[in-house]
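Colleague: Before I work with these coordinates, I should like to go through them with you, one question at a time. Please give the reasoning behind each reply and finish on the value or name requested.

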Amino acid sequence: MRWAVGAILGISLNAMAAQPPLRFAMADSWAMPLAQYERGRPTQGILYDMMLSLATQVGVPAEFHVLPRTRVQNTMEHGEVDVRCYASQSWLPNLSGNYIWSIPLFFQRDLLIGRQDQPSSVDPAHLPRQSIGTVLGYSYPTLQPLFDADRLWREDARNQEQVLDKLLAGRYRYAVSNQWTLDWFNQRLLPGQQLRGAAVLQEQQVGCYVRNDPKVPVQRILRTLLQMKMSGEIDDIIRLYTGGSEGAP
């Protein structure tokens with residue numbers, strides 16, 4: 001019996017290995033709990049776990065391409081990756097029709113973050129001229145008019161964790177972060193050191209989109225993502241890393 005089960009498993013793994021891999025784009029600017037990288041390769045995190053499960057359920061190997069945020073879309077357009085996750089249609093208003101979006105999978109809350117020696121609640125429009133910690137290549141629609149008017153200016157770092165490290169070190173008084181990364185970052189700090197939200201900048205649903213190519217099992221991918229969301233699997237992955245649900249209002 002054990003031989004039979006082993007043989008079946010071996011056949012299944014061999015069949016999966018024979019399939020072209022599902023190639024995922026992963027931004028190197030992501031920080032935990034979204035993704036952790038070691039020597040340029042993802043090892044854990046909400047998005048890594050979700051992508052790995054998606055590929056397994058679709059029945060193909062997963063292949064992860066870690067890219068600078070500014071190169072992700074260009075890589076998609078050149079057919080070098082197949083799936084991009086944790087994206088919003090509002091971030092990509094000029095996206096061509098060569099992609100198909102999934103249902104919303106995650107809820108993102110972007111915050112203006114400050115140290116505890118700064119006011120606990122602020123209106124960004126009323127801040128004096130100063131630099132704000134931001135991630136290279138990220139767009140911040142709420143703050144963009146203030147950047148354009150030179151009332152605030154960006155101080156970019158390569159990834160979200162570096163932004164918060166600089167804020168903690170006093171490089172600037174405020175920075176932008178999503179709620180999950182802020183909560184993860186604060187876990188290693190004493191209560192009196194922890195960073196805190198000073199203003200909610202944006203709240204929105206985000207999902208994945210797939211390159212619409214006959215070589216890519218588009219509908220199988222989208223159906224699987226729908227099943228993962230409806231079954232609660234995605235929320236379970238989020239809970240594993242955050243201790244709570246996706247945080248939607």
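Colleague: Which residues of helix H6 (residues 179-186) are buried?

Modeller: The model is a predicted one, and every value that follows is computed from it. A residue counts as buried when its relative accessible area is under 20%. In helix H6, the residues that are buried are Trp180, Thr181, Leu182, Phe185 and Asn186.

Colleague: Which residue caps the N-terminal end of H6?

Modeller: The contact to consider ends at the backbone nitrogen of Trp180. A side-chain oxygen lies 3.1 Å from that nitrogen, and the cut-off for a polar contact is 3.5 Å. The residue that supplies the oxygen, and thus the cap, is Asn178.

Colleague: Which residue lies over the face of Phe185?

Modeller: Phe185 is one of the buried residues of H6. For a charge to sit over a ring, the distance to the ring centre must be within 6 Å. Here the distance is 4.3 Å, and the residue is Arg188.

Colleague: What is the C-alpha to C-alpha distance between Thr242 and Trp180?

Modeller: Thr242 belongs to helix H8 (residues 233-242) and is partly exposed, at a relative accessible area of 32%, whereas Trp180 is among the buried residues of H6. In sequence, 62 residues separate Thr242 and Trp180. In space, their C-alpha atoms are apart by 7.2 Å.

Colleague: Which element gives the largest share of the lining of the largest pocket?

Modeller: The largest pocket has a volume of about 260 Å³. Of its 14 lining residues, those closest to the centre are Ala31, Met32, Ala35, Glu161 and Trp184. Strand S2 (36-38), helix H5 (160-168) and H6 each supply at least two lining residues. The largest share, three residues, comes from H6.

Colleague: Is strand S5 (residues 83-87) largely enclosed or open, and why?

Modeller: The argument rests on how many residues of S5 are buried. That count is five of the five, so with respect to the rest of the structure strand S5 is largely enclosed.

Colleague: In which sense do S5 and strand S11 (residues 196-211) pair?

Modeller: S5 has strand partners that include S1 (residues 22-27), with which it pairs in the parallel sense over two bridges; there, Ala25 stands opposite Arg84. With S11, the bridge partner of Cys85 is Cys208. S5 and S11 are joined over four bridges, and the sense is antiparallel.

Colleague: What is the volume of the largest cavity?

Modeller: The structure holds two cavities of 30 Å³ or more. The largest cavity is lined by 22 residues, of which Arg69, Tyr86, Trp91, Gln108 and Tyr138 lie nearest its centre. Elements that give two or more residues to this lining are S1, S5, strand S7 (106-114), strand S10 (174-178) and S11, with the largest share, three residues, coming from S5. The space in this cavity is about 300 Å³.

Colleague: How many aromatic pairs does the whole structure contain, and what angle lies between the planes of Phe24 and Phe64?

Modeller: A search of the whole structure finds nine aromatic pairs. Phe24 and Phe64 form one that is stacked, with 5.8 Å from centre to centre. This pair links distant parts of the chain, Phe24 in strand S1 and Phe64 in strand S4 (residues 62-67), 40 residues apart. The cut-off for stacking is under 30 degrees, and the angle here is 20°.

Colleague: Is Phe64 buried or partly exposed?

Modeller: Phe24 has a relative accessible area of 0% and is buried. For Phe64 the relative accessible area is 21%, while the limit for a buried residue is under 20%. Phe64 is therefore classed as partly exposed.

Colleague: How is the aromatic pair of Trp101 and Tyr209 oriented?

Modeller: The ring centres of Trp101 and Tyr209 are 4.7 Å apart, with 45° between the planes. The pair links distant parts of the chain, Trp101 in strand S6 (residues 99-101) and Tyr209 in strand S11, 108 residues apart. Both residues, Trp101 and Tyr209, are buried. The orientation of the pair is tilted.

Colleague: Which backbone oxygen does the side chain of Arg115 reach?

Modeller: Arg115 is placed in the loop between S7 and strand S8 (130-135). At 16% relative accessibility, Arg115 counts as buried. At 3.2 Å, its side chain reaches the backbone oxygen of Leu167.

Terms used: Residues are numbered from 1 along each chain as its sequence is written. This is a predicted model: local features need pLDDT of at least 70, side-chain atom pairs count only at pLDDT 80 or more; totals for chains, interfaces and linings use all residues. Side-chain values use heavy atoms; hydrogens and water are left out. Buried means under 20% relative accessible area, exposed over 50%, partly exposed in between (1.4 Å probe, protein chains only). Two strands pair if DSSP finds at least two bridges between them. A polar contact is a pair of N or O atoms within 3.5 Å; within protein, one must be able to donate a hydrogen and the other to accept it, and residues adjacent in sequence count only if both atoms are side-chain atoms. Rings of Phe, Tyr and Trp (its six-membered ring) pair if their centres lie within 6.5 Å; planes under 30 degrees apart count as stacked, over 60 as edge-to-face and the rest as tilted. A charge sits over a ring if NZ of Lys or CZ of Arg is within 6 Å of the ring centre and within 35 degrees of the ring normal. On a 1 Å grid over the protein atoms alone, a cavity is a set of points where a 1.4 Å probe fits but cannot get out, and a pocket is an open set with protein on both sides within 12 Å along at least five of seven lines; lining residues have an atom within 4 Å of a point. Grid points are joined across faces, edges and corners, and a volume is the space filled by probe spheres set on the points.
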